[in-house]
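Colleague: I am new to this structure and would like to go through it one element at a time. Could we have it in view before we begin?

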Amino acid sequence: MSNRSWYYAEQGQQQGPISEDELRDLIARSVVTAETLLWSDGMAGWEKAGRIPGLMSGGPSIAPGGPPAFDRSAPAPAGAVSIKLGTWSYLGWTLLYVIGQFLIVITPWTAVYLYRYVVERISVPGRPNLSFIGQPLEIWYVFVGMGVLTYVGMSDQPIIKLAAVIAQAFLGWMVMRWVLSRIASNGEPLPIHFEGSPVVYFAWYLALIVSVVTIVGWAWVAAAWMRWICRNIQGTRREVVFNGTGLQVLWRTLVFVLGSSVIIPIPWLLRWYSAWYISQFALVPRTTQPT
């Protein structure tokens, strides 16, 4: 490797410049891994260390400035969100998450691992290399609480069941706020935050439960709830919207549930259903830009 300076992302923050010898030392100590985002002069953009030719193996690398800025001012393109999920890997992380809910203690880790897997595979126009930088112990008590409520909700006492529903809604609101605040692009945390009221969130949660008695009405409630959530996502230059309709949610959910009852199609149906749901989110220009 030539004598050049490098920059790297660590816990969502840009670090550097450092020399090549220092970079080699960080690699040797596993501070910089194959998943760490790096940049050096001559590179078009930030890239994972494992994808840079010769870097991790010690061979020749790319050719020597400062890194491209994490520019928030440039116009951001509108467009739909998409995701590429592996059939078996996604099934595995999902099953691990479900197991974590029942074992409770490992829930913070299984949840975070699933979030990382999913976020890293989402493609957002104008936001390359998405990653999830949340750590399991940041809100471990919330995840443990959700695991405990899985058992509390099985109670035969109506008042206890009601308390569990209220608590689950509030904890779900906390998790959503936390997840959105821990999304990064090119190693830099995005200024996303959720401003929706926990009271209104619970009202939607309750409306969804109650609407189940209508057999089909819950799908329209679910779609409207998603649109309310999108309207309350702030800190972005573009507005997040949900384009799915109640009818689309309904028939796809029925196909997923009925197909899953056969067991064998579950891996493919899970990937299909999740990918469709993610693809219904899109980014469009805001009428007023956030400060």
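Modeller: Yes, ask away.

Colleague: How many of the five residues of strand β13 are buried?

Modeller: Strands are DSSP runs of E with at least two residues, helices are runs of H or I with at least four, and both are numbered from the N terminus. Buried means under 20% relative accessible area with a 1.4 Å probe and protein chains only, exposed means over 50%, and partly exposed lies in between. β13 (residues 238-242) is largely enclosed by the rest of the structure, because its buried residues number four of the five.

Colleague: What sort of model is this?

Modeller: Residues are numbered from 1 along each chain as its sequence is written, and side-chain values use heavy atoms, with hydrogens and water left out. Local features need pLDDT of at least 70 and side-chain atom pairs count only at pLDDT 80 or more, while totals for chains, interfaces and linings use all residues, since the model is predicted.

Colleague: Which residue in β14 is the bridge partner of Val240?

Modeller: Two strands pair if DSSP finds at least two bridges between them. β13 and β14 (residues 281-285) pair in the antiparallel sense over five bridges. Val241 is bridged to Ala282, and the partner of Val240 is Leu283.

Colleague: Which strands are at the edges of the sheet β5-β14-β13?

Modeller: This is an open sheet of three strands with antiparallel pairing. A strand that pairs on one side only is an edge strand, and here these are β5 (79-80) and β13.

Colleague: At what angle to β13 does helix α7 run?

Modeller: Angles go from 0 to 180 degrees between N-to-C directions, and axes are lines fitted to C-alpha atoms, for helices over the stretch in contact. Contact means heavy atoms within 4.5 Å. α7 (residues 217-231) lies across β13 and β14, and its angle to β13 is about 170°.

Colleague: In the sheet β8-β9-β10, why is one side of β8 and of β10 left without a neighbour?

Modeller: The three strands form an open sheet with antiparallel pairing. One side of β8 (130-132) and of β10 (188-189) is free because both stand at the edges, each with a single partner strand.

Colleague: Which residue in β10 is the bridge partner of Ser185?

Modeller: β9 (residues 183-185) and β10 run antiparallel and are joined by two bridges. In one pairing, Ser185 of the bridge has as its partner Glu188.

Colleague: How many of the 13 residues of α3 are buried?

Modeller: Helix α3 (residues 107-119) lies across β8 and β9, at about 180° to β8. Its buried residues include Pro108, Leu114 and Tyr117. α3 is largely enclosed by the rest of the structure, because the buried count is 10 of the 13.

Colleague: How is α2 oriented relative to α9?

Modeller: α2 (residues 87-103) has buried residues that pack against α3, α4 (140-152) and α9 (266-279). The axes of α2 and α9 are 9 Å apart, at an angle of about 90°. Angles under 35 degrees count as roughly parallel, over 145 as roughly antiparallel, 65 to 115 as roughly perpendicular and the rest as oblique. α2 is therefore, relative to α9, roughly perpendicular.
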